[in-house]
Amino acid sequence: MRLAFSVLALTLGAAAPAFAQQVGEVGVDWLGNDIIVEAIKDPEVEGITCHVSYFDRGVIDRLQKGNWFENPSDSAISCRQTGPITIGEIDLGEEGEEVFKQGISLIWKEQVVNRIYDKRNETLIYLAHSRQVQDGSAKMSMTTVPLYGQEVVWTKGKPQ
């Protein structure tokens, strides 16, 4: 049994990108379940930090309920300006681009953050959701960072 948890921990740890930093962990019950809070820097937008929280099931909860290799799809996100904003080469399409992902199951499920640029309203939108091979989840969270009226540097020029 310890081997299974060791493999799980290594697999989930390997799936986490280097730019996510755990900044908080709140215990929610006596079963060892926690809410994890991570800070994520957008790799193409300097001066923006996103804080993402998600549920991390404890060993006792995994033993009681089975489904050993998976965390729930729930997450929350909040992004704010934390310095001067410099925007590099970002995807301006409707789907935006993925700026963060990490595994929340052994293989099939990922927690993802996409960035979308709303040109008309001069706003960056960050959408947290889970991606699954099948039975996709409708659980999501969204936050925005307005650029209107801000001193923003576009390294490739502001989109017209």
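These exercises work through the fold, the disulfide and the salt bridges of a predicted model.

**Exercise 1. The overall fold**

State how many helices and strands the protein chain has, and give their order along the sequence.

Solution.
- Step 1: Count the elements. The protein chain has two helices and nine strands.
- Step 2: Read them in order. The pattern is α-β-β-β-α-β-β-β-β-β-β.
- Step 3: Add burial. The protein chain has 160 residues, and 40% of them count as buried.
- Step 4: Look at contacts. Take those between residues at least 6 apart in sequence; 51% of these join residues at least 24 apart.
- Step 5: Turn to the surface. The accessible surface comes to about 9,400 Å². Carbon and sulfur atoms account for 54% of that surface.

**Exercise 2. The disulfide**

Find which residues the disulfide joins, then give its handedness and its place in the chain.

Solution.
- Step 1: Search the whole structure. One disulfide turns up.
- Step 2: Identify the partners. Cys50 is joined to Cys79, with an S to S distance of 2.0 Å.
- Step 3: Check the cut-off. A disulfide needs sulfur atoms within 2.5 Å.
- Step 4: Take the torsion. About the S-S bond of Cys50 and Cys79 it is about 105°, so the disulfide is right-handed.
- Step 5: Place the residues. Cys50 sits in strand β3 (residues 45–56) and Cys79 in strand β4, so the bond ties together parts 29 residues apart in sequence.
- Step 6: Check burial. Both Cys50 and Cys79 are buried.

**Exercise 3. A network of salt bridges**

Work out which residues share a network of salt bridges, and describe the pair Glu97 and Arg115.

Solution.
- Step 1: Recall the principle. Side chains of opposite charge can pair when their charged atoms come close.
- Step 2: Count. The whole structure holds four salt bridges.
- Step 3: Name the network. Asp42, Glu97 and Arg115 are linked in it.
- Step 4: Take the pair. Glu97 forms a salt bridge with Arg115, and their closest N and O atoms are 2.8 Å apart.
- Step 5: Locate both ends. Glu97 is in strand β5 and Arg115 in strand β6 (residues 109–118), 18 residues apart.
- Step 6: Assign burial. Buried means under 20% relative accessible area. Arg115 has 1% relative accessibility, so Arg115 counts as buried. Glu97 has 21%, so Glu97 counts as partly exposed.

**Exercise 4. Two bridges to the end segment**

For Lys156 and Lys158, name the salt-bridge partner and decide whether each residue involved is exposed or partly exposed.

Solution.
- Step 1: Start with Lys156. Glu89 is its salt-bridge partner, with the closest N and O atoms 4.0 Å apart.
- Step 2: Place this pair. Glu89 lies in the loop between β4 (75–87) and β5 (97–103), while Lys156 lies in the segment after β9 (152–154). The two are 67 residues apart.
- Step 3: Classify this pair. Exposed means over 50%. Glu89 is at 56% relative accessibility, so Glu89 counts as exposed. Lys156 has a relative accessible area of 63%, so Lys156 is exposed.
- Step 4: Move to Lys158. Lys158 forms a salt bridge with Glu122, the closest N and O atoms being 3.0 Å apart.
- Step 5: Place this second pair. Lys158 is in the segment after β9, and Glu122 is in the loop between β6 and β7 (123–132), 36 residues apart.
- Step 6: Classify again. Lys158 counts as partly exposed at 39% relative accessibility. Glu122, with a relative accessible area of 21%, is partly exposed.

Conventions: Residues numbered from 1 in each chain as written. Predicted model: local features only at pLDDT ≥ 70, side-chain atom pairs only at ≥ 80, totals over all residues. Heavy atoms only, no water. Helix = DSSP H or I, 4+ residues; strand = E, 2+ residues; numbered from the N terminus. Buried < 20%, exposed > 50% of the residue type's maximum accessible area, 1.4 Å probe, protein only. Contact = heavy atoms within 4.5 Å. Areas by Shrake-Rupley, 256 points an atom, 1.4 Å probe, with all protein chains shown as cover. Salt bridge = Lys/Arg side-chain N within 4 Å of Asp/Glu carboxyl O.
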